[in-house]
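Student: I am new to this structure and should like to look closely at a single part of it. Please take me through that part step by step.

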Amino acid sequence: MDYDVVVAGGGPVGLFLACELRLGGASVLVVERLAEVDETIKAGGINTAGAVALYRRGMLPELAAAWEKSRWRLQAFLGEQGAGAPRTPPKFAGHFAGIMMRGDLFDDSDPAFADIGPADGVGLGVPQAELERILATRAERLGVEVRRGVELTGFDADDDGVVVHLDGDKTIRTGWLVGCDGGRSTVRKLAGFDFPGTAPEITGYQAVVEMSGGERLGTGWNTTDVGTYVNGPFPGRILTVEFDGPPAGLPHARLRSRGGTSIAHVTAEELQASLRRVSGVPEVTIHQVHSSTRFTDNARQATGYRMGRVLLAGDAAHVHSPFGGQGLNLGIGDAMNLGWKLAAVVRGLAPDSLLDSYTTERHPIGAWVLDWTRAQIAVMRPDRHARALRRVVTDLALTTSGTTHLVKQISGVWQHYDLPGEHPLTGQSAPDLELADGTRLGDHLHGGRAVLLDLADDPKLRARAEGYGDRVGVLTVACPGRPELAALLVRPDGFVAWAAGEGDTGDGLEETLSRWFVAA
């Protein structure tokens, strides 16, 4: 094999997955058709679950620096909207179908937000291109080979491996191929994955422009008799949604334009016409387009994420409208779940069957995201029934319990896997425990291996974890803030595989260890 794994697609999901594979000891090649980072306006931040994933790999400082730059840009915009110097932005709690959540109604004492750690709230507003640069730097540091300006044109897969065909009549032999190549995935199409879902009913545009007459536009999300438009949160950023079906001949969920070279090129005239129709402001004029995206609400999901030695992650596995900012975060979760498992299989430390758990665990979360975006489309429709429903949803959303529920969904803190075990933490994202030695649990996950956390200094417990080599690290330390916990087995992706409370005997630990890790 030339490489253990070839990843098609060098966006954030592909790069994150490649880094996870390298941490697990696999050799990786990433091929990306674009010659440089795509600056097209796309995802505008990551949620709590996504930020926690980066924190667990030691990337919180870089993410926090990018987040701080985004906060200053928002402050400057708020200052331009009124008299006086830029002011601190209000606490952002997210939105549902453009219904903005009020930060003062969010109850952050809800148990779902306990023990998140320093990643809480970091990442909102960070542009996708900036995240891609952070991950590209990390990939280079870890020894991932990335070939830009190279496109996958085909592949031949059998039981022993995959021959990947690249443009220029080049071929590469690899053990595994992972498609992280977006909603129009070449890998998914050529492999023949089933991709059912619901047809689109909207045409949406998102762009960064220079315009005049913008002072007549409302700030933030605005609902009209025609559709929805957004002005902000920084100067020149606009978004429109019209319920007139998908663009002719362009049915896919996300169609990007960059430099006027792609089939999805969006003209200033096209954006201006949409903005005028939706806003009802005929004076607004767009003079220049810096970045633009055309999208629909096409919602589809592969029925399975693996076919033999070919797998999918990110938008290649599921597409949907961008409302709620779930897509990038969903892809990061896919990569975090798949990376350590595929690396273990590559190294011969786990059977191929371990990869079945990737679809089992991630498919339900992807299905939830698709329904979450479909629900928002239903509430955004301009017909009378939908507008009546929107008023009801708005009343519910603007309560403490309603806001808190929606924030839990948006942030991803609800996500869990259905794993065997009686303890309530089993299958949950691990709490970022403050430990007696001054560290936090997240500090011990940077290397991408599992951790058996012995909080009760139990030698019998530690003895049960012997024989797993570098796959499972054992840490004996107290946790004064959670005296009811005796031990946790945390998988490399940060989810709790097994837990014991004070006085528990440790039953089930050996079975859990053997399920996820093969003894040396």
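Student: With which residue does Asp470 form a salt bridge, and how far apart are the closest N and O atoms?

Tutor: The model is a predicted one, and the description below should be read with that in mind. Asp470 forms its salt bridge with Arg347, and the closest N and O atoms of the pair are 3.5 Å apart. Asp470 belongs to the loop between α11 (459–464) and β21, whereas Arg347 belongs to the loop between α7 (327–346) and α8 (356–380); the pair therefore ties together parts that are 123 residues apart in sequence. Asp470 has a relative accessibility of 42% and so counts as partly exposed. Arg347, at 39%, counts as partly exposed as well.

The loop that holds Asp470 lies between α11 and β21, and β21 leads to the sheet. Four strands form this open sheet, in the order β21-β20-β22-β23, with mixed pairing. The edges are taken by β21 (472–476) and β23 (496–501); each has a single partner strand, so one side of each is left without a neighbour in the sheet. From one strand to the next, the twist averages 15 degrees. The pairing of β21 with β20 (residues 450–454) is in the parallel sense and extends over five bridges. Within this pairing, Ala450 is found opposite Val472 of β21.

A helix accompanies these strands. Helix α12, made of residues 509–516, lies across β20, β21, β22 (485–490) and β23. Its direction is at about 170 degrees to that of β23.

Strand β20 also leads to a second salt bridge. Asp454, which is within the range of β20, is joined to Arg462, with the closest N and O atoms 2.6 Å apart. Arg462 falls within the range of α11. The two partners may be set side by side: Asp454 has 0% relative accessibility and therefore counts as buried, whereas Arg462, at 24%, counts as partly exposed. The cut-off behind these words is that a residue is called buried when its relative accessible area is under 20%.

Further salt bridges may be added to the picture. The side chains of Arg482 and Glu484 meet in one, at 2.5 Å from N to O. Glu484 is partly exposed, because its relative accessible area is 38%. Lys341, Glu361, Arg491 and Asp493 are linked in a network of salt bridges. Of these residues, Lys341 falls within the range of α7 and Glu361 within that of α8; the loop between α7 and α8 is where Arg347 lies. For the model, the count of salt bridges comes to 28, and the pair of Asp470 and Arg347 with which this answer began is one of them.

To return to the part in question, Asp470 and Arg347 form a salt bridge between two loops, and one of these loops lies between α11 and β21, a strand at the edge of the sheet. On its paired side, β21 has β20 as its partner, and β20 in turn includes Asp454, the residue bound by a salt bridge to Arg462.

Methods:
Residues numbered from 1 in each chain as written. Predicted model: local features only at pLDDT ≥ 70, side-chain atom pairs only at ≥ 80, totals over all residues. Heavy atoms only, no water. Pairing = 2+ DSSP bridges. Axes fitted to C-alpha atoms, helices over the stretch in contact; angles between N-to-C directions. Contact = heavy atoms within 4.5 Å. Salt bridge = Lys/Arg side-chain N within 4 Å of Asp/Glu carboxyl O. Buried < 20%, exposed > 50% of the residue type's maximum accessible area, 1.4 Å probe, protein only.
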